[in-house]
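Here is a brief report on one protein model. Please keep the structure open while reading.

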Amino acid sequence: MYSPILLTILLVFMNIPIYFYHLEAGFVTSAFTLVYFVIVTVNYQKNKPFFVNELINFATQYGTVQRKLLNEFDIAYALIDYNGRILWVNEKFTEMTGKNKEYHKSITSVFTHITKEILDKNRTESQLHIAWGGREYRAKLKRIEFSSITPENEMVSVEGSEEYMTALYLYDETQLNQYIRENDDQKLVTALIYIDNYEEVLNSIEDVKQSLLIALIDRKVNKFFSGMDGLVRKMEKDKYFVVFRYFYLAKMEEDKFSLLEEVKTVKVGNEMPVTLSIGIGSMGDTYNQSYEYARMAIGMALGRGGDQVVVKEGERITYFGGSSKQVDKMTRVKARVKAHALREIIESRSHVIVMGHHIADVDSFGAAIGVYCAGRVLDKKVQIVLNEVTTSLRPIKECFNEENGYEPDMFIDGDMAVELTDNNTLVMVVDTNRPNYTDCPEILKRTKSIVVFDHHRQGSEVVENPILSYIEPYASSTCEMIAEVLQYFTENIKLTSSEADAIYAGILIDTNNFMQKTGVRTFEAAAYLRRCGAEVTRVRKMLRNDMADYKARAEVMRHAEVYHGAFAISVCPADKVESPTVVSAQSANELLNIIGIKASFVMTEYQNRIFISSRSIDEINVQSIMERLGGGGHANIAGAQLSDCSIEEAKQKIREILDVMIEKGEIEK
């Protein structure tokens, strides 16, 4: 409306040069400009109230429509002030909660999940899921700063104000979540079932009963999964392939996979019970991925000793069973195959680095010495990563010096290992299968040639993509496995007496002087080392303890707490001994000599961590207890490491785990 008036100025400027050319024309133009100015001015004054009135009416109607639409919005909506009080709600919110516009109490009184702390933390937008009235909602919180909606003026200033409003949107996702759950329940779950001791059980019964035993096992497997609407197909004589819907997986887990115990009841003259290993894969993006998950799960189940179920749902891994004693395999075929494979790998590499677990013990050291002997016979340079030498290890290590003909760089630290490792370096991990437990995890990332030899049960954290993996939980020690491999490695391999002593000492320590986890193959490995020159008396002298260690063990025994009348819990003092972790393990063994003690737990604080050593004889599976603390090991020998934790907190964690397992019937007092 101002534009016609502003055009008068343009006409005035045009009128001035006309006077210079023609005087009369200039007067005529001036008269026209004056008349034009009067007309537009009158028109402006006359029409301005009309336009303003129309704009006001439009704005009023527009605001009314906005409020009506927001009030009738199909999504529950509310405005909340910075203190968490409800300022305004729409009809859908009232219909949903029963709170109308007069309700100005805290939002927490309606939804306990939405607190003032959550509102304060929410800087822009956030979401959370809540349940109300039997339905499921997705709550979206959006902060509205006063400074962003209030225009600046001279009278009111909102700069620096901490006050704000929060817009709450509630999206009903009950039906959507129901469809998602139904879709998940229909997903395909793949399972692989292996009979752990197929050959051993069949060889223990008469030939005429073997077919009956196989038929009974088949019947048990088919009956169990037919009740779960599963499809079972036998791939080999001791292997089954099963598919079923995800809906039934929860029922199996609740039932704790009773098939494991049902199969053990099959008796047709066999004294040895039949055991199964089951690997289940689910939540894969494709059917092939679920099958790969199942293959990984069955590999973990076998690697943990069998007689158990491993469920892999994406990245989540769950274990069931695994409480029975591992089956000692009488055949050495696997050891021979692994020996030939290891020889081919070492021959194709220019350099070999061997490392055990952090704070190496006699078993990991002896196994590393065995690998050193294997590399020496192939004229390959082998170096052992050893960051720390404990008191129990020092007498054995001192035998491998330059005076006895060994290279000065036979033992290296982690920093040197990182510098020497490249793609053509073979890194061999012994006595552990967890990368974070090794002496130098960094070198595992610098090469693709990794070999793992271990006798501990596998957990969810394993060395990724090894070119050779030999994990046998039934073995007493890694030194036993290495001794077997050396016998098949090459015909002309020779061990010195010091090397045989080191490997023999590893078996001696891990079996507690041949009293735990000893089988026929354990004594055969010891006999082989004895023939190579191992001397029992010499090893015993090297493994003697000093007076400080004996006093520390006495303190452990004196302050031991007996929990539930069957579990000994104690603490090893770390300030008076050089290697408290070794003393803790020795003390845990000694506590088992007390009548009535079924399991022992000894902890010590060392290098800002809590190290726990647990032992049992046969009634308690301490490995399952330590797994709940992030550790692992064997059914009778296990351990764990805790960070950011005190001794008392570690004690309390062990007590709580024992209480839960006793309550669930997993262990008996």
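The sections below go through strands, sheets, a helix, a cavity and two loop residues.

## Strand β1 and its partners

This is a predicted model. Strand β1 covers residues 76-81, and 6 of its 6 residues are buried, so the rest of the structure largely encloses it. Its side chains split two ways. Ala76, Ala78 and Ile80 point one way, while Tyr77, Leu79 and Asp81 point the other way. Both sets are buried.

Which strands pair with β1? One is β5 (residues 164-172), joined to β1 antiparallel by 6 bridges. Within that pairing, Ile80 has Thr166 as its bridge partner. Another is β2 (residues 86-89), also antiparallel, over 3 bridges. There, Leu79 stands opposite Trp88. The hairpin of β1 and β2 has 4 residues between the strands. Gly84 in this hairpin takes a positive phi near 90 degrees.

## The parallel sheet

Strands of a sheet pair through backbone hydrogen bonds, either parallel or antiparallel. One open sheet here has 6 strands and parallel pairing. Its order is β14-β13-β12-β15-β16-β17. The edge strands are β14 (411-412) and β17 (468-471), and each pairs on one side only. Strand β16 (residues 450-454) runs parallel to β17, with 4 bridges between them. Phe453 stands opposite Tyr470 of β17.

Strand β12 (residues 351-355) has 5 of its 5 residues buried. Both of its faces are covered. His351, Ile353 and Met355 lie on one side, with Val352 and Val354 on the other. β12 runs parallel to β13, joined by 5 bridges. The β13 partner of Val352 is Val382.

## The mixed sheet

Another open sheet of 6 strands has mixed pairing. Read across, the order is β18-β19-β20-β21-β23-β22. At the edges stand β18 (561-563) and β22 (632-633). Each has a single partner strand, so one side of each lacks a neighbour in the sheet.

Inside this sheet, β21 (residues 609-616) and β23 run antiparallel and share 7 bridges. One bridge pair is Ser613 with Gly639 of β23.

## Helix α17

Helix α17 spans residues 497-510, which is 14 residues. From first C-alpha to last, α17 reaches 20 Å, close to the 20 Å expected at 1.5 Å a residue. Is this helix enclosed or open? Of its 14 residues, 11 are buried, so the rest of the structure largely encloses α17. Among the buried residues are Glu499, Asp501, Tyr504, Ile507, Leu508 and Asp510.

What covers the buried residues of α17? The cover includes helices α13 (362-377), α14 (394-397), α16 (478-489), α18 (520-531) and α19 (536-542). It also includes strand β23 (637-643). After the helix comes Asn512, with a positive phi near 55 degrees.

## The largest cavity

How many cavities of 30 Å³ or more does a search of the whole structure find? The search finds 4. The largest holds about 50 Å³ of space. Its lining consists of Met355, Gly356, Ala360, Ser364, Phe365, Ala368, Ile384, Val385, Leu386 and Asp439. Two elements, α13 and β13 (381-385), each give two or more residues to this lining. The largest share comes from α13, with 3 residues.

By class, the lining has 7 nonpolar, 2 polar and 1 charged residues. Met355 appears in this lining, and the same residue is buried in β12.

## Two loop residues with positive phi

Asp431 is not a glycine, yet its phi is positive, about 65 degrees. Asp431 sits in the loop between β15 (425-430) and β16. Is Asp431 buried or exposed? Its relative accessibility is 2%, under the 20% cut-off, so Asp431 counts as buried.

Gln607 also is a residue other than glycine with a positive phi, near 55 degrees. Its place is the loop between β20 (599-606) and β21. Gln607 has a relative accessible area of 41% and is therefore partly exposed.

Key
Residues numbered from 1 in each chain as written. Predicted model: local features only at pLDDT ≥ 70, side-chain atom pairs only at ≥ 80, totals over all residues. Heavy atoms only, no water. Buried < 20%, exposed > 50% of the residue type's maximum accessible area, 1.4 Å probe, protein only. Pairing = 2+ DSSP bridges. Expected span 1.5 Å × (residues − 1). Contact = heavy atoms within 4.5 Å. 1 Å grid on protein atoms, 1.4 Å probe; cavity = no way out; pocket = protein on both sides within 12 Å on 5 of 7 lines; lining within 4 Å. Points joined across faces, edges and corners; volume = space filled by probe spheres on them. Nonpolar A, V, L, I, M, F, W, Y, C, P; charged D, E, K, R; others polar.
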